[in-house]
Amino acid sequence: MVTPCKRAILFGIAALVYALCAFLLTLPLPKTVAEGTETVLVLWEDGTATEESYAAVSENMTGVEEGAIVLSREGKRGTVPAGAAFSDAVRVMETGGLADLLSLRCGEISRLEQAALFRRYGKRGYYAEEYFCWNGGRVFRTQRKDFPETVLLAGKISADVLQRAGTKKLILRAEAEFSAEALIGTAVEEIEAQAPYAAEGGAVYLDTPGGRRLIAALPSVRSLTIECDFIDSGALAPCRELETLVLPPRYEGTLSDLFGKDPAGNPRRPETLQNIIGKLL
């Protein structure tokens with residue numbers, strides 16, 4: 001038998017539960033995503049911040065930088081803050097030597113950070129007499145040959161290697177031994193260089209104690225203004241589409257000095273070359 005006292009207690013408990021349920025319904029829904037995914041904080045350039053799913057961030061990744069994964073959406077730039085291990089990995093990928101690359105591990109790098117690193121560096125080959133590449137977890141020696149982006153870490157690289165790799169962008173590190181021959185017949189369209197090399201205006205220079213030397217020009221360059229103290233013999237041999245050439249005021253040489261000769265011993269000169277400004281012998 002339920003006494004009036006017990007009935008009052010039960011009624012009070014029911015009312016309390018009802019009130020608690022009603023209160024919970026007024027709270028905002030928690031930010032959850034499907035099982036197996038994760039949410040991350042994205043900081044946008046306009047000062048806003050959003051919680052994004054792993055899939056959404058992956059879809060909008062455009063690059064990496066030390067300390068952050070870079071995103072772009074509807075013309076707006078965003079970043080996902082990353083950890084110290086990720087920053088170290090980016091620094092090694094961008095400036096490290098072969099020993100640094102081979103010792104790189106991603107044990108403390110998150111799944112999303114690993115995906116960002118692979119998105120950025122998975123198509124890059126590191127060359128030091130043979131190719132090495134990043135497989136998402138480490139850098140290792142590889143038989144793979146197709147690399148749209150090649151980093152010449154040290155020593156030489158041949159035009160045949162760059163041709164087979166389909167390299168469009170070449171990055172020269174300080175220890176590279178680079179010459180114009182490496183570009184002849186290749187599809188390289190862009191070069192970045194680490195001192196003492198410098199890449200400017202479609203040309204590659206080498207800074208030496210005696211002055212700046214022009215050592216090569218890109219195959220696809222159309223207009224070239226040479227600003228240096230010395231020009232290596234055959235520095236313009238790779239040029240296939242050159243139309244306008246501006247020589248240094250004190251240059252004293254011939255077209256053969258600039259373009260070299262082909263394997264048959266004939267002087268090289270692109271058929272497209274129409275305008276030469278400067279003195280030739």
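Me: Let's start with the whole chain. Among contacts between residues at least 6 apart in sequence, what share joins residues at least 24 apart?

Reply: Bear in mind that this is a predicted model. In it, 38% of those contacts join residues at least 24 apart. The chain itself has seven helices and 18 strands.

Me: And how much of the chain is buried?

Reply: Buried residues account for 40% of the 281 residues. On the outside, the chain exposes about 15800 Å², and carbon and sulfur atoms supply 54% of that.

Me: How do I check a helix, say helix 3?

Reply: Compare its expected span with the distance between its ends. Helix 3 covers residues 84-95, and at 1.5 Å a residue its 12 residues should span 16 Å. The end C-alpha atoms are 16 Å apart, so the two values agree.

Me: Which residues of helix 3 are buried?

Reply: They are Phe86, Ser87, Ala89, Val90, Val92 and Met93.

Me: Now sheets. What is the strand order in the open sheet of four strands?

Reply: Read across that sheet and you get 12-13-14-16, with mixed pairing. Strand 12 (197-200) and strand 16 (230-231) stand at the edges; each has a single partner strand, so one side of each is left without a neighbour in the sheet.

Me: In which sense do strand 12 and strand 13 pair?

Reply: The pairing is antiparallel, over four bridges. To find the spot in the model, look for Glu200, which stands opposite Ala203 in strand 13.

Me: How do I read a single residue in a strand? Is Thr79 buried or exposed?

Reply: Look at the relative accessible area, where buried means under 20%. Thr79 has 16%, so it is buried. This residue lies in strand 5 (residues 76-81). Not counting residues up to four places away in sequence, Thr79 touches Leu41, Val42, Leu43, Glu65, Ala68 and Ile69.

Me: What about Ala176 and Glu177? Where do they lie?

Reply: Ala176 lies in strand 10, while Glu177 is in the loop between strand 10 (169-176) and strand 11 (190-193). Ala176 is buried at 6% relative accessibility, whereas Glu177 is partly exposed at 48%.

Me: Which residues do they contact, leaving aside neighbours within four places in sequence?

Reply: Ala176 is in contact with Leu152, Leu153, Ala154, Gly155 and Tyr197. Glu177 is in contact with Gly155, Lys156 and Tyr197. You can also follow the backbone: the C-alpha atoms of Ala176 and Lys156 are 6.4 Å apart, though these residues are 20 apart along the chain. For Glu177 and Leu153, 24 residues apart along the chain, the C-alpha separation is 9.3 Å.

Me: Which backbone angles should catch my eye?

Reply: Start with the general rule: most residues other than glycine have a negative phi, and most peptide bonds are trans. Then look at Glu74, which has a positive phi of about 50° although it is not a glycine. Glu74 sits in the loop between strand 4 (68-73) and strand 5, and at 83% relative accessibility it counts as exposed. Glu129 also has a positive phi, of about 70°. Its place is the loop between strand 6 (124-127) and strand 7 (131-134), and at 72% Glu129 is exposed.

Me: Which residues does a cis peptide bond join?

Reply: Ala195 and Pro196, with omega at about 15°. Pro196 is in the loop between strand 11 and strand 12.

Me: Last topic: rings. How many aromatic pairs are there?

Reply: The count comes to two. A pair of rings is described by the distance of the centres and the angle of the planes. Tyr127 and Tyr131 have ring centres 5.0 Å apart and planes at 75°, so that pair is edge-to-face. Tyr131 and Phe147 form a tilted pair, 4.6 Å centre to centre with 35° between the planes. Tyr131 lies in strand 7 and Phe147 in the loop between strand 8 (139-141) and strand 9 (149-155), so this pair ties together parts that are 16 residues apart in sequence.

Me: What do Tyr127, Tyr131 and Phe147 form?

Reply: One aromatic cluster. Tyr127 is buried at 10% relative accessible area, and Tyr131 and Phe147 are buried too.

Me: Which charged residues lie over the face of a ring?

Reply: Examples include Lys76 over Trp44, at 5.1 Å from the ring centre, and Arg111 over Tyr54, at 4.1 Å from the ring centre.

Note on methods. Residues are numbered from 1 along each chain as its sequence is written. This is a predicted model: local features need pLDDT of at least 70, side-chain atom pairs count only at pLDDT 80 or more; totals for chains, interfaces and linings use all residues. Side-chain values use heavy atoms; hydrogens and water are left out. Helices (H or I, at least four residues) and strands (E, at least two) are DSSP runs, numbered from the N terminus. Buried means under 20% relative accessible area, exposed over 50%, partly exposed in between (1.4 Å probe, protein chains only). Contact means heavy atoms within 4.5 Å. Accessible areas come from the Shrake-Rupley method with a 1.4 Å probe; for residues, only the protein chains shown count as cover. The expected span of a helix is 1.5 Å times one less than its number of residues. Two strands pair if DSSP finds at least two bridges between them. Rings of Phe, Tyr and Trp (its six-membered ring) pair if their centres lie within 6.5 Å; planes under 30 degrees apart count as stacked, over 60 as edge-to-face and the rest as tilted. A charge sits over a ring if NZ of Lys or CZ of Arg is within 6 Å of the ring centre and within 35 degrees of the ring normal.
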